[in-house]
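Subject: The structure we talked about

Hi,

Here is the structure I promised to pass on. Have a look at it first, and then read my notes underneath.

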Amino acid sequence: MCKTFIAAILVDNRLHDAPKLQEILTKHGCLIKTRLGIHEAGESCSNQGLIILHMQATEDEIKAFENDVKQLEHVKLQYMNLEC
């Protein structure tokens with residue numbers, strides 16, 4: 001059974017983890033309905049970022065996604081389930 005939820009990914013070291021995180025997001029791209037990336041921009045770009053994902057997945061797909069993201073040292077993942 002598919003669940004719809006919001007995933008928030010906090011990246012504390014974008015320079016180190018962004019390339020691998022992008023690979024993970026691409027690998028699980030069919031689960032992602034909407035993606036929003038936020039970081040402080042300006043003269044010096046922030047090394048911290050936030051990615052908000054609107055996702056739809058089965059329990060097994062969620063676990064596979066979570067396991068991949070948890071391999072990244074400077075990345076935190078949290079979910080908010082959406083109910084109809």
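Below is what I found, going from the sheet to the helices, then to a ring pair, a pocket and a few single residues. One caution before you start: this is a predicted model.

**The sheet**

Start with the strands. There are 4 of them, and they make an open sheet in the order β2-β3-β1-β4, with antiparallel pairing. The edges are taken by β2 (32-39) and β4 (75-81), each of which has a pairing partner on one side only. Ignoring direction, neighbouring strands are turned by 15° against each other on average.

If you want to trace the pairing yourself, begin at β1 (residues 3-11). On one side, β1 pairs with β3 (residues 49-57) in the antiparallel sense, over 9 bridges. A handy spot to check is Ala8, which stands opposite Ile52 in β3. β1 is also joined to β4, by 7 bridges, and these two strands run antiparallel as well. There you can look at Ala7, whose bridge partner in β4 is Tyr79.

While you are looking at neighbours along a strand, keep in mind that side chains in a regular strand alternate between the two faces of the sheet.

**The helices**

Two helices to look at here. Helix α1 (residues 14-27) lies across β1, β2, β3 and β4, and runs at about 160° to β1. Helix α2 (residues 59-69) lies across β1, β3 and β4, and its angle to β4 is about 160°.

**A ring pair**

How many aromatic pairs are there? The count comes to 1. Phe5 and Tyr79 have ring centres 5.1 Å apart and planes at 80°; planes over 60 degrees apart count as edge-to-face, so that is what this pair is. Phe5 sits in β1 and Tyr79 in β4, so the pair ties together parts of the chain that are 74 residues apart in sequence.

Are the two partners buried or exposed? Phe5 has 1% relative accessibility and so counts as buried, given that the cut-off for buried is under 20%. Tyr79 has a relative accessible area of 30%, which makes this residue partly exposed.

**A pocket**

The second largest pocket holds about 180 Å³ of space. It is lined by 13 residues, and those closest to its centre are Val11, Arg14, Ala18, Arg35 and Ile51. Three elements, α1, β2 and β3, give two or more residues each to this lining. The largest share comes from α1, with 5 residues.

**Two leucines in α1**

Leu21 and Leu25 are both worth clicking on. Leu21 is in helix α1 and is buried, at 2% relative accessibility. Leaving out residues up to four places away in sequence, Leu21 touches Ile9, Val11, Ile51 and Leu72. Gln71 is 50 residues from Leu21 in sequence, yet their C-alpha atoms are 9.6 Å apart in space.

Leu25 is in helix α1 too, and is buried with a relative accessible area of 3%. With the sequence neighbours up to four places away left out again, Leu25 touches Ile9, Ile32, Arg35, Ile51, Leu53 and Phe65. Of these, Phe65 is 40 residues from Leu25 along the chain, and their C-alpha atoms are separated by 8.4 Å.

**His28 and Ile38**

Where is His28? You will find His28 in the loop between α1 and β2. Despite the loop position, His28 counts as buried, at 8% relative accessibility. Apart from residues up to four places away in sequence, His28 touches Ala64, Phe65 and Asp68.

Last one: Ile38, in strand β2. Ile38 is partly exposed, with a relative accessible area of 42%. Its contacts, again without residues up to four places away in sequence, are Gly49, Leu50 and Ile52. Glu23 is 15 residues from Ile38 in sequence, and the two are 18 Å apart in space, C-alpha to C-alpha.

Happy to go through any of this with you at the screen.

Cheers

Notes: Residues numbered from 1 in each chain as written. Predicted model: local features only at pLDDT ≥ 70, side-chain atom pairs only at ≥ 80, totals over all residues. Heavy atoms only, no water. Pairing = 2+ DSSP bridges. Axes fitted to C-alpha atoms, helices over the stretch in contact; angles between N-to-C directions. Contact = heavy atoms within 4.5 Å. Phe/Tyr/Trp six-rings, centres within 6.5 Å; stacked < 30°, edge-to-face > 60°. Buried < 20%, exposed > 50% of the residue type's maximum accessible area, 1.4 Å probe, protein only. 1 Å grid on protein atoms, 1.4 Å probe; cavity = no way out; pocket = protein on both sides within 12 Å on 5 of 7 lines; lining within 4 Å. Points joined across faces, edges and corners; volume = space filled by probe spheres on them.
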